[in-house]
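This report describes selected features of the structure shown below. It moves from a sheet and its strands to a helix, then to the backbone and the contact between chains.

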Amino acid sequence: MQHGPNEEYPIHRSAGTGCRSTHAIRALRLKLRAMTAQSRLHVPDVPARPGETPDFSYVRLSPAGAVARPPIDVGVRETSELAETLVRVIDPEHRAVGPWNPQLSPQVLRGGLRQMLLTRLFDDRMQRTQRQGRITFYVRSYGEEAVSVAAAMALSDQDMVFPSYRNQGIFLYRGVSLTELMCQLLSNSRDMCKGRQLPVMYHSARHNIFSISGNLATQFPQAVGWAMAAAIKGEDAVAAAWIGEGSTAEADFHQALVFAKVYRAPAVLNIVNNQWAISTFQGFAGGEQRSFAARGPGIGIAGLRIDGNDFLAVHAATSWAAARARAGHGATLIEHVTYRAGAHSTSDDPTRYRPREDFDFWPLGDPVERLKQHLMVLGEWTEEQHAALTAEIEAQIAASWKEALTHGTMSDAPKLDRGLMFEDVFKVMPQHLRRQREQLDAELS
Amino acid sequence: MPKMNMVQALNSALDVCLARDPSVVVLGEDVGYFGGVFRVTDSLQKNYGTHRVIDTPIAEGGIVGAAIGMAVNGLRPVAEIQFADYIYPAFDQIVSQLARLRYRSAAEFTAPVTIRTPCGGGIRGGQTHSQSPEAMFAHVSGIKVVMPSNPYDAKGLLIAAIEDDDPVVFFEPKRIYNGPFDGDPHKPAIGWADHPQGEVPVGHYTVPIGKATLVRAGTAATIITYGTMVHVCEAAAREMGVDAEIIDVRSMVPLDLDTLVASVSRTGRCLIAHEATRFGGFGAELSASIQEACFWDLQAPIARVAGWDTPYPHAFEWEYFPGKKRVQMALRALLDAT
């Protein structure tokens, strides 16, 4: 849908200029120009709005198995094509094909399915909990579970991860307990953030997971710095970070890439292209005609564009990039092509800006369903096993929730000590904060 | 006169300016098709097109930098930063560029940019959706800084900001978008319909930047405040039965010091209240300026009520927020001081 300048810039219809001095003259000039010349401002197209038929013809696909897998020491220039094609392993018949097949054992695959299902069912339950008013806010990772789970499985536990707020699958895979996450969501007496953070802004130093920031893209240069430190210290660990495609517009993203290139930092830099930044389509982040992964080779690090809903592709690409980084060949920018199947957060209603049934039309399917079908084709999984696993996880979530509630909620005891509000601003509490803490006690006594 | 809430009043201001002045453009994250996460730009893209109401990438530095360039080339951009907490990537463009362009180019280049941004707490937004960073901008020479406390002022001040040839950072206290808030989160929310300042003309009018306004006349003390705290202070004084004069600063830069000084000289007692952290907050500037002008009339030290000097904590929202109790304790101490 192209917008003609006359409909879209109705300057000639407006009355009066309403401004003064040189600006009045400039505005007049502008008005005259608009009446005579075509506006050439390009506004990215959005394929379908509410009420229209979903259209994903803009997503460039490659057949499963079609993309070559170069050695990990391949030159950056040689990855230019990998940054535009799409690495896929699971084919339409649910078989694993091609050079990127990570050849994982059925046991590992079942573990991956369990983790993705756990992530999804946890998300669903916490979303309902928010709707019931027990927690203030929630962000689901619905449809993007493979991006977190497969990557976490492909990394080593010593690798430091810098997640965004839609990577709960990493926390769960690394062994942060459901109860621990729930206590954070409840801001209760066991909240890891001591009541200071919005729900889902977890962290876990003992699991090598950095603190999540509500301000976007900030983790990208930090991950690169962590990786530089690992290189300086001669350690094996790599850093991995995740960012949404929308946030790649932030300067932090570009600065991260430059540092990663200059110092050949051992980092795995992931762009989760889930097509939407709240209401803003990926075209507004620069996704038209060019992949996000291509920014890697553009700046001088390897780039990979992969099927983010293909558990095997995410695992294989992460393994490749981590091995490349560990061997001293530098960072890789991986674009995971996926879809934000749900709302941005519990504060968002996507039916206002995209077709309700969008996800049904998404060409890369559902990551949980695809791994499940793959395991079934291998003869390693049945519907009965799946139903049993679902029931087991739901019971686990229910039990964890029950336990979390015993540690309190925002309204019910036991509650966090309000004095915690003044701690950790500095290592040692300065006098003015001690006084303010006393003042608060007086206020509430 | 029609009733409007603050969101509708701001939307009306943008509508009026887009209709009157072809050089006005609106840009920001989610402002176009979606109409903004708080609906302030609702329907504007439908009515004025995608070349005048522009959805942008998530890049606050880019939004403000581009707005400056557009302004230099004759447009009058109104940029939205989705939350004040997200304004910092644009800080360099605001502080080093927007604020100084007129000065450094001897007025050959100017950038009449308005930056709208929702601020303040009380919505369970945690530390990344609750900040009040007005002092950081008021500290910079070359930008005007305003914050309305009701729909009528919101519309009039926004039109004045857009028509101003200097850059303006326009803070919108999001807790009072839909109704005045007296600081008690347990009371049912009320709308703007019954508030006199909820009556908003449909057409063009301005509220001058640089003028404070009297909220309530009184003799016992002067309360100087702005934004959400105007309503908190009003309720606090009313419930205490204290005949306090309340002044809404509205415009931090330029500051209407004369109005503040005249009142404090009369009452001899001054309490300053804001949501932002206390240390180095805008209250410190108010306190110093008033003390310089009113020292011989003061009957008690100037008191300040503010947020604590910590990041805004999610779980302790109401222990953090400077509610009625904190205002009343400070007011009591102020009145008792001899």
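In what order do the seven strands of the open sheet of chain B lie? The order is 2-1-3-4-6-5-10, and the pairing in this sheet is mixed. The coordinates come from a predicted model. Strand 2 (53–55) and strand 10 (251–253) of chain B form the edges, each pairing on one side only. From one strand to the next, the twist averages 20°. Within the sheet order, strand 1 of chain B stands beside strand 3 of chain B. Strand 1 (residues 24–28) and strand 3 (residues 76–80) of chain B run parallel and are joined by five bridges. In this pair, Val26(B) stands opposite Val78(B) of strand 3.

**A parallel pair and its crossover**

Another parallel pair in chain B consists of strand 11 (residues 270–277) and strand 12, with four bridges between them. Thr277(B) has Gly307(B), in strand 12 of chain B, as its bridge partner. Between these two strands the chain passes through helix 10 (residues 282–294) of chain B, and the resulting β-α-β crossover is right-handed. Is strand 12 of chain B enclosed or open? Strand 12 (residues 303–307) of chain B is largely enclosed by the rest of the structure, because four of its five residues are buried.

**Helix 9 of chain B**

In helix 9 (residues 257–267) of chain B, the buried residues are Leu260(B), Ser263(B), Val264(B) and Thr267(B). Viewed down the axis of helix 9 of chain B, these buried residues fall within an arc of 95°, so they line one face of the helix. The spacing has a general basis: an α-helix has 3.6 residues a turn, so residues three or four places apart point the same way. The buried residues of helix 9 of chain B pack against strand 8 (221–225), strand 9 (244–248), strand 11 and helix 10 of chain B. Thus helix 10, which lies on the crossover path from strand 11 to strand 12 of chain B, is also one of the packing partners of helix 9 of chain B. Just after helix 9 of chain B, Gly268(B) adopts a positive phi of about 75°.

**Backbone exceptions**

Most residues other than glycine have a negative phi, and most peptide bonds are trans. The table lists sites that depart from this pattern.

| Site | Backbone value | Location |
|---|---|---|
| Ala413(A) to Pro414(A) | cis, omega near -5° | Pro414(A): loop between helix 13 (383–406) and helix 14 of chain A |
| Val253(B) and Pro254(B) | cis, omega about -5° | Pro254(B): loop between strand 10 and helix 9 of chain B |
| Val200(A) | positive phi, about 75° | loop between helix 6 (178–186) and helix 7 (219–232) of chain A |
| Ala217(A) | positive phi, about 75° | loop between helix 6 and helix 7 of chain A |

Val200(A) is buried, with 23 other C-beta atoms within 10 Å. Ala217(A) is buried as well, with 26 other C-beta atoms within 10 Å.

**Contact between the chains**

How many residues does each chain give to the contact? Chain A gives 57 residues and chain B gives 49 residues. On the side of chain A that touches chain B, the elements giving two or more residues are helix 1 (5–8), helix 2 (21–36) and helix 14 (431–444) of chain A. Helix 2 of chain A has the largest share, seven residues. By class, this side of chain A has 25 nonpolar, 21 polar and eleven charged residues.

Conventions:
Residues are numbered from 1 along each chain as its sequence is written. Chains are lettered from A and ligands numbered from 1 in the order in which they are written. This is a predicted model: local features need pLDDT of at least 70, side-chain atom pairs count only at pLDDT 80 or more; totals for chains, interfaces and linings use all residues. A residue is buried if 20 or more other C-beta atoms lie within 10 Å of its own, exposed if 12 or fewer, and partly exposed in between; C-beta atoms are placed from the backbone. Two strands pair if DSSP finds at least two bridges between them. A crossover is right-handed if, with the strands pointing away from the viewer, the path from the first strand over the helix to the second runs clockwise. Two residues are in contact if their C-beta atoms, placed from the backbone, lie within 7 Å. Ala, Val, Leu, Ile, Met, Phe, Trp, Tyr, Cys and Pro count as nonpolar, Asp, Glu, Lys and Arg as charged, and the others, Gly among them, as polar. Axes are lines fitted to C-alpha atoms, for helices over the stretch in contact, and angles run from 0 to 180 degrees between N-to-C directions. The arc is that of the directions from the helix axis to the C-beta atoms.
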